[in-house]
Amino acid sequence: MGTTASQLGKDLLSEYQVTVFCFVFSAYKRFSELLGKDEKDVLHERVPMDRILTLPELKSNPFRKRICYVFSTSDSKNGSLTFEDFLDLLSAFSDSATMEIKSHYAFRIFDFDDDGTLDCGDLEKLVNCLTGETDETKLTAEEMRQLISNILEESDIDKDGTVNLSEFQHVISRSPDFVSSFKIVL
Amino acid sequence: RGMRRCSPKYKVVGKVQGHLTHLLCHSPEPSEEDDIDEEVDEEEEVRPESLSSEELEKLKEAVDERKKLIQALRGKPWPIKKKCVILRESQEFVEKYEGALGKGKGRKLYAYKVLMSKKWMKFQRDFENFKTACIPWEMKIKEIESHFGSSVASYFIFLRWMYGINMILFCLTFGLVMVPEALMGRPYGTIPRKTVPRAEATSAMDFAVLWDFGGYAQYSVLFYGYYNNQRAVGWLKFRMPLSYFLVGVGTVAYSYMVVIRTMARNANESGVGDDNSFNFNWRMFTSWDYLIGNPETADNKFASITTSFKEAILEEQESQKDDNIHLTRFLRVLANFLVLCCLAGSGYLIYFVVRRSQKFSQRDSNIEKEIHVNMVMSLLGMFCPMLFDVISALENYHPRVALQWQLGRIFALFLGNLYTFIIALMDEINLKREEENIIKFNITVWEASLFNGTVSVNSTAPPVTIEPADVPRGPCWETMVGQEFVRLIISDTMTTYITLLIGDFLRAVLVRFLNYCWCWDLEAGFPSYSEFDVSGNVLGLIFNQGMIWMGAFYAPCLPALNVLRLHVSMYLQCWAVMCCNVPQERVFKASGSNNFYMAMLLVILFLSTLPAIYTIVTIPPSFDCGPFSGKQRMFDVIQETLESDFPAWFGKVFSYASNPGLVLPFMLLMVLAIYYLQSTSKSYKEANMELKKKLQTVVQNMFPPLVQQSCFNVYF
């Protein structure tokens, strides 16, 4: 504990604590457990995505890869996370995070092609993630088409065939379940 | 950045504000940062003291803006690097100019205020952290949530909330009623009401008698009858009867306040209540529970999401279709008729059993009588819901609607049972009161006979000393009521635990081990493992709490008993759920039902305080037991206190305030206020809908897509 505790100085700790919703010190402990024996610099080390995905909270999540890509600040877009990215992740998914933060990040997670809107391709991939991998749980093509058209009918106000951030936030802010289900707690 | 050519002083403020907007709009690059920093440093030569008052105002505004930004930093969707840079910048700026602002104008006071507010914020943050760490059973509930989803966890969160309420009720009754009487009241054995009668003395310590709350348990602070009616006890002059009465009223008032406050908070959080307008979107975007950490639960969740999608699509298609509505209606009416028959049947059964037990009360012992009534009630509570489940197959409702109907029916069943029990209790109370009159007469005869052998009544002879145990006793109906409730709670608890052990644990053990030598697959087929019945358990919890509220006035030990029971339940059920249950196949979100359960709790609170209030207001207290003995009505203690302990003018004010001529107009005013608030809220909702529709059509028809996006940013 001595070596890990000394890297996160008091000033840095309080600075981080002001900017995030989660508990910084417990995040620090979990992150340092992810590091290998030869990776000592907790604050600057970049952890590859497959190690992040071994966390029990993320293991069963169908969006785990998207989550890593969204929060990763790596130049090569390989989904690896530093400690600060990890803090960002935990803060957005924390219990006390606001609706705006959660809906902002949810939109980015669901936007599979990163083009700033949710079009039919994104929605289709989203449905396939939600219904699981096996064939018996997948929807038929007809059901998929029906589902996507119903979704667009409900939320696409400007009728451009895609759901943009404002429309998404408009829909999500009225949901009673969103804030309580969009939560990951260490 | 568009800064004007103006005096250097303005440049400082302007530059800083420009810097601010620059930071907010673009993500900072390290090289740019240093440049900006240097530029600001250069301007530092302009001393704040030389600024005029308006410039000081502007500077103060800039400082305040920065402070607000620091506060709001958490809620911005930026990466941490950017937030930290902005944080450092803003903190430096604030430190640099804040102190300067205070120069010459009570600077020390300003600096002190700033220091205090920083310390206060830090204290608040630490206190929040401490409070979160103190929440009991958090890890347990989190584990259950990750295995079973949020609806099962919501039961345990509800249990924990109930535990909190009961803890407060326990502190009230224990600290203000039981402890003062135990410490400062007259000790055991000094007066008749506090002593076990001679006739029962031999069996007073038997386990069977104690388990039934007779013997020494009956003549103790646990029940109403032990309390002395002395107005003030001990060196503190503690007003015992007044305290007893006020604690009884206070527990009910506190419960009302807590339940209504929680309901209001839930109503706020659940949003405007547009239940069906975003059905598909919500299923798509909010159905995944991110707390699930277990692959088995995740698979179940996938299956349930798929089912819900298919269902929603089917419903959408079927809602256009309209056939066979007459058949459906007929079937629903038939189902409700059958349910009413069941309820009537169960009510009659309980009444029959209670009357039968009263008729034979001389022959059977007390324990057997209890077993009959409680067994019948528990069996009804177990089998009738299953019957309702079967009947509801006729109705063909949507599962969530069907669940609510089921809950409503079980609620009606339990309520019917409880009220039948109370009616039986009322009969007993009347019997005891008749007995009391007979005993009062007997006591006068007995007292006369005491003096017979010695001297005549008129002489001033020393009083004959009699053992308190020998004095003939009245039948204290209040203690009887308290005892009945305690026995009911205990037998209910035992039934719940035994059902849990047999229904869940034994079943799981059998399925697991008999599976090796059985013809069909026990795990997938008939018995299989049980699912956790959230609604049944929540209802059980609510009804138990209702019984506590009903009986707490007559048995101050009930909240203590309930705290113990909830504590044990928490551990037992957490273990049972993890060990014997499997995740539900249909996973319903808990939040929709949250206010439904609160509403039921409120109804139960109201209905359970009614009998207690009725007995307090109409029935005179027993003449020789309890803190109100000797009074005409129990609430006379308030009148007495007002007359003797408060100054005369207070009594006058109170009598004016309780004048019907004042109270009735006040109630009328409140009813009018409620009506007014209700109608304004309705009109606001309608106006909201209108505006939404208008905005949709306007935006759709008149503006190109790009501008629409910015419109939304403005309005939403």
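Author: Contact means heavy atoms within 4.5 Å of each other. The model discussed here is predicted.

Reader: What share of the contacts in chain B with a separation of 6 or more comes from residues 24 or more positions apart?

Author: Take the contacts in chain B with a separation of 6 or more. Among these, residues 24 or more positions apart account for 77%.

Reader: What is that share in chain A?

Author: Chain A is counted in the same way, over contacts with a separation of 6 or more. Pairs 24 or more positions apart make up 54%.

Reader: How many helices and strands does chain A have?

Author: The pattern along chain A reads α-α-α-α-α-α-α-α-α-α-α-α. The count is 12 helices and zero strands.

Reader: And how many helices and strands are in chain B?

Author: Chain B has 716 residues, of which 40% are buried. Its secondary structure comprises 23 helices and two strands.

Reader: What percentage of chain A is buried?

Author: The C-alpha trace of chain A spans about 60 × 35 × 30 Å along its principal axes. A residue is buried when its relative accessible area is under 20%. Of the 186 residues in chain A, the buried part is 56%.

Reader: What part of the accessible surface of chain B belongs to carbon and sulfur atoms?

Author: For chain A, the surface is about 8000 Å², with 52% from carbon and sulfur. For chain B, the surface comes to about 40700 Å². There, the carbon and sulfur part is 63%.

Reader: How far apart are the centres of the positive and negative side chains in chain A?

Author: Chain A carries 20 positive and 34 negative side chains. Each set has a centre, and the distance between the two centres is 7 Å.

Reader: Are helix 16 and helix 18 of chain B roughly parallel or roughly antiparallel?

Author: Helix 16 covers residues 477-514 of chain B, and helix 18 covers residues 558-580. Their axes lie 11 Å apart, at an angle of about 5°. Angles under 35 degrees count as roughly parallel. The two helices of chain B are therefore roughly parallel.

Reader: Which residues make that contact?

Author: Both helices contribute to it. From helix 16 of chain B, the residues include B:F485, B:I489, B:Y497 and B:F505. From helix 18 of chain B, they include B:L561, B:R565, B:L572 and B:W575.

Reader: Is B:V534 buried or exposed?

Author: B:V534 sits in helix 17 of chain B, residues 534-551. Its relative accessibility is 10%. The cut-off is under 20%, so B:V534 counts as buried.

Reader: Which residues does B:V534 touch, not counting residues up to four places away in sequence?

Author: One partner is far off in sequence: B:S151 lies 383 residues from B:V534. In space, the two C-alpha atoms are 7.4 Å apart. The residues touched are B:S151, B:V152, B:Y155, B:Q584 and B:Y597.

Reader: What is phi of A:K77?

Author: A:K77 lies in the loop between helix 6 (64-71) and helix 7 (83-92) of chain A. A:K77 is exposed, with a relative accessible area of 64%. Phi is positive in this residue other than glycine, near 55°.

Reader: Is A:D114 buried or exposed?

Author: A:D114 belongs to the loop between helix 8 (99-110) and helix 9 (120-130) of chain A. Its phi is near 55°, a positive value in a residue other than glycine. Relative accessibility is 57%, and over 50% is the cut-off, so A:D114 counts as exposed.

Note on methods:
Residues numbered from 1 in each chain as written. Chains lettered and ligands numbered in written order. Predicted model: local features only at pLDDT ≥ 70, side-chain atom pairs only at ≥ 80, totals over all residues. Heavy atoms only, no water. Helix = DSSP H or I, 4+ residues; strand = E, 2+ residues; numbered from the N terminus. Buried < 20%, exposed > 50% of the residue type's maximum accessible area, 1.4 Å probe, protein only. Areas by Shrake-Rupley, 256 points an atom, 1.4 Å probe, with all protein chains shown as cover. Lys, Arg positive; Asp, Glu negative; His and termini not counted. Charge placed at Lys NZ, Arg CZ, Asp CG, Glu CD. Axes fitted to C-alpha atoms, helices over the stretch in contact; angles between N-to-C directions. Parallel < 35°, antiparallel > 145°, perpendicular 65-115°, else oblique.
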